[in-house]
Amino acid sequence: MKPDAPKTLREILEQAAKSSDFRQFSPFAEDDRIRISYYSSLVDAEKINRYLIAEIQQHVDDIHRLADIQNRIPFDEAQITEDTSEVESKLVKGYVILQIASEEPAFLIVNINQTEQGHRQSNETENEFSVVGPKIGFVENIHVNVHLLRQQIAVTRLVIEEVSVGSLSNTKVMIAYLDGVTNPQHIETMKQRLGKIDFEVVFDTSILDQIISDHTNSPFPLYLSTERVDRVAYAITSGQVAVFADGSPYVFTGPSTFLDFFVSPEDYYLPWIIGSFFRIVRILSVIFSIFVTPVYVAVLTYHFEVIPENILEPLIMSRTHVPLPPVLEALFLEVTIELLREAGARLPTKIGQTLGIVGGIVIGQATVEAALASSILLIIVALSALASFTTPIFKMANTIRLLRFPLILLAGLWGGLGIVAGLFLLLGHLLRLKSLGTPYLLPLFPLRTGNFGDSFVRRSYRYITNRNVYLRPLDSKRYTPSEDKEDIEHE
């Protein structure tokens with residue numbers, strides 16, 4: 001159930017005052033009878049200074065009532081009201097609230113919403129593209145990013161707290177969470193870790209999430225970094241904490257779990273059956289990408305007996321003239337793929353695409369003709385690289401690319417036993433990881449079957465009405481589902 005709206009204007013303003021982007025002041029140094037309140041991230045500061053505050057200061061002797069202000073300011077959307085619920089909804093949409101002590105409980109609300117900012121307001125997402133749903137991403141300006149977030153979560157319970165990080169850069173960092181939902185322990189832990197940072201220059205949020213990570217020596221990302229506004233909004237409403245940094249178009253959220261990195265916003269915009277299917281395909285693709293090449297090396301080196309007879313002959317024929325052992329053959333192709341991928345990523349877009357297509361075809365064909373690798377392994381490595389691209393989060397995709405190499409070496413040394421040993425080492429490492437003090441493998445370990453409805457699959461919205469228990473939210477209810485269709489029809 002949603003919490004009841006504050007009863008009085010004072011309660012609304014006290015809730016809003018928890019955010020660092022909330023402003024409340026008097027336009028006169030010694031006279032406190034007129035009060036102005038607004039969110040600086042939502043309003044046009046230039047219009048406030050030029051047309052609102054200047055008018056009040058110029059005609060201070062003629063202002064005795066709110067109607068006097070209303071008649072003098074050049075804004076069409078200005079009204080006097082006593083409805084506090086309307087004030088709460090308007091405040092988070094870029095309205096300014098004016099109070100005069102002698103006229104309480106009435107107040108004046110004026111629309112001075114920030115529509116033109118003189119620079120980029122939003123950026124289309126480049127690395128987290130989706131066919132369905134919004135494509136608005138964050139930019140390098142932290143104030144624009146907060147503005148975009150407040151447009152998505154238009155409630156006073158969205159709290160933005162500001163800190164400075166970096167002994168030389170003094171980078172502005174903001175922590176965003178939903179008051180009354182996010183667990184206070186997660187908020188305090190995030191504040192403490194950011195407050196203890198002793199680093200000279202912070203260029204990006206990726207530096208912050210590495211410094212405050214629970215396990216700095218892990219190749220796995222412990223905080224979900226994203227450029228999508230809708231993903232951050234969903235994380236905050238789920239009970240997570242989001243961290244912005246000035247100069248960075250990426251925002252990271254926590255605590256995050258391993259399965260969070262395989263969830264795409266598209267899963268929620270498509271029907272739940274289709275969204276669940278794509279999520280399962282994504283997870284299976286990751287497993288395939290990590291293990292298919294090591295399995296090939298182990299089978300051809302130690303376990304010929306598991307190969308079916310009808311596949312054995314073409315496999316032997318493809319390796320007849322290959323002088324390298326399977327482990328070196330696999331490493332050679334994997335390194336070649338990584339070189340092509342890195343070169344394509346660093347070059348300009350059009351040149352990078354040409355290099356990826358032409359270079360892959362030419363090098364692949366030349367490698368097979370020169371008998372440096374078998375055609376079957378070339379197909380396997382190409383499919384493995386293709387499967388790794390299904391991961392929605394770039395940092396997790398990098399980790400998956402890395403994991404293949406030690407598993408290939410273990411498979412070349414001990415065959416299937418080496419792969420099993422590597423798998424156990426990997427699972428042991430994952431079991432030890434935590435994100436903001438929360439186990440990384442939740443809801444698998446510790447087992448939380450109640451959260452399986454939005455993990456490997458996404459169930460219908462009717463059955464995922466509660467927030468994830470492992471986030472320990474103060475308010476577990478996300479929303480109340482509508483009545484059954486049959487009941488509505490009877491009515």
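Which residues does Val286 touch, not counting residues up to four places away in sequence? The answer is Phe262, Thr391 and Ile400, where contact means heavy atoms within 4.5 Å. Before going further, some ground rules: this is a predicted model, with local features needing pLDDT of at least 70 and side-chain atom pairs counting only at pLDDT 80 or more, while totals for chains, interfaces and linings use all residues. Residues are numbered from 1 along each chain as its sequence is written, and side-chain values use heavy atoms, with hydrogens and water left out.

**The chain as a whole**

The protein chain has 17 helices and 14 strands; these are DSSP runs numbered from the N terminus, with helices (H or I) of at least four residues and strands (E) of at least two. Its C-alpha trace spans about 100 × 55 × 45 Å along the principal axes. Of the 491 residues, 48% are buried, and here buried means under 20% relative accessible area, exposed over 50%, and partly exposed in between, using a 1.4 Å probe and protein chains only.

Take the contacts in the chain with a separation of 6 or more: 67% of them come from residues 24 or more positions apart. The accessible surface is about 24600 Å², and 59% of it belongs to carbon and sulfur atoms; the areas come from the Shrake-Rupley method with a 1.4 Å probe, and for residues only the protein chains shown count as cover.

As for charge, there are 43 positive and 57 negative side chains, with the centres of the two sets 4 Å apart. Lys and Arg count as positive and Asp and Glu as negative, leaving out His and the chain ends. Each charge is placed at NZ of Lys, CZ of Arg, CG of Asp or CD of Glu.

**The annotated spans**

An unreviewed UniProt entry carries the annotation "transmembrane region" for residues 283-304, 370-394 and 406-431. UniProt positions follow the numbering used here, feature names are shortened, and annotations may be inferred rather than shown by experiment. In the model, residues 370-394 are 60% helix and 0% strand, with the end C-alpha atoms 34 Å apart. Residues 406-431 come out at 96% helix and 0% strand, and the end C-alpha atoms of that span lie 19 Å apart.

**Nonpolar cores**

A nonpolar core is a set of buried Ala, Val, Leu, Ile, Met, Phe, Trp, Tyr and Cys residues joined through side-chain atoms within 4.5 Å. The largest one has 58 residues, and the members touching the most others are Met190, Leu194, Leu208, Phe220, Phe258 and Tyr440. Helix H10 (residues 272-302) supplies the largest share of this core, ten residues. Apart from it lies another core of 22 residues, among them Ile48, Leu52, Phe75 and Leu98.

Met190 makes a good starting point for a closer look. Leaving aside residues up to four places away in sequence, Met190 touches Ile175, Ile212, Tyr223, Val241, Val243, Phe252 and Leu436.

**Three buried helix residues**

Here are three residues that sit in helices, each paired with a residue elsewhere along the chain.

| Residue | Relative accessible area | Partner | C-alpha to C-alpha |
|---|---|---|---|
| Thr205 | 0% | Tyr250, 45 residues apart | 6.5 Å |
| Val286 | 5% | Thr391, 105 residues apart | 7.3 Å |
| Leu315 | 9% | Arg228, 87 residues apart | 45 Å |

Thr205 belongs to helix H7 (residues 205-211). Beyond residues up to four places away in sequence, Thr205 touches Val243, Phe244, Ala245, Ser248, Tyr250, Val251 and Phe252. Val286 is in helix H10, and Thr391 is among the residues it touches. Leu315 lies in helix H11 (residues 309-318). With the same sequence neighbours left out (up to four places away), Leu315 touches Tyr296, Leu300, Ile307 and Ile376.

**Backbone oddities**

Where are the cis peptide bonds? One joins Gly254 and Pro255, with omega about 0°; Pro255 lies in the loop between strand E12 (251-254) and helix H9 (266-269). Another joins Leu442 and Pro443, again with omega about 0°, and Pro443 is in the loop between strand E14 (438-439) and helix H17 (485-490).

The loop between E14 and H17 also holds Arg472, which has a positive phi of about 50° although it is not a glycine. Arg472 counts as partly exposed because its relative accessibility is 37%. Asn170, not a glycine either, has a positive phi of about 50° and lies in the loop between strand E8 (158-165) and strand E9 (171-178).
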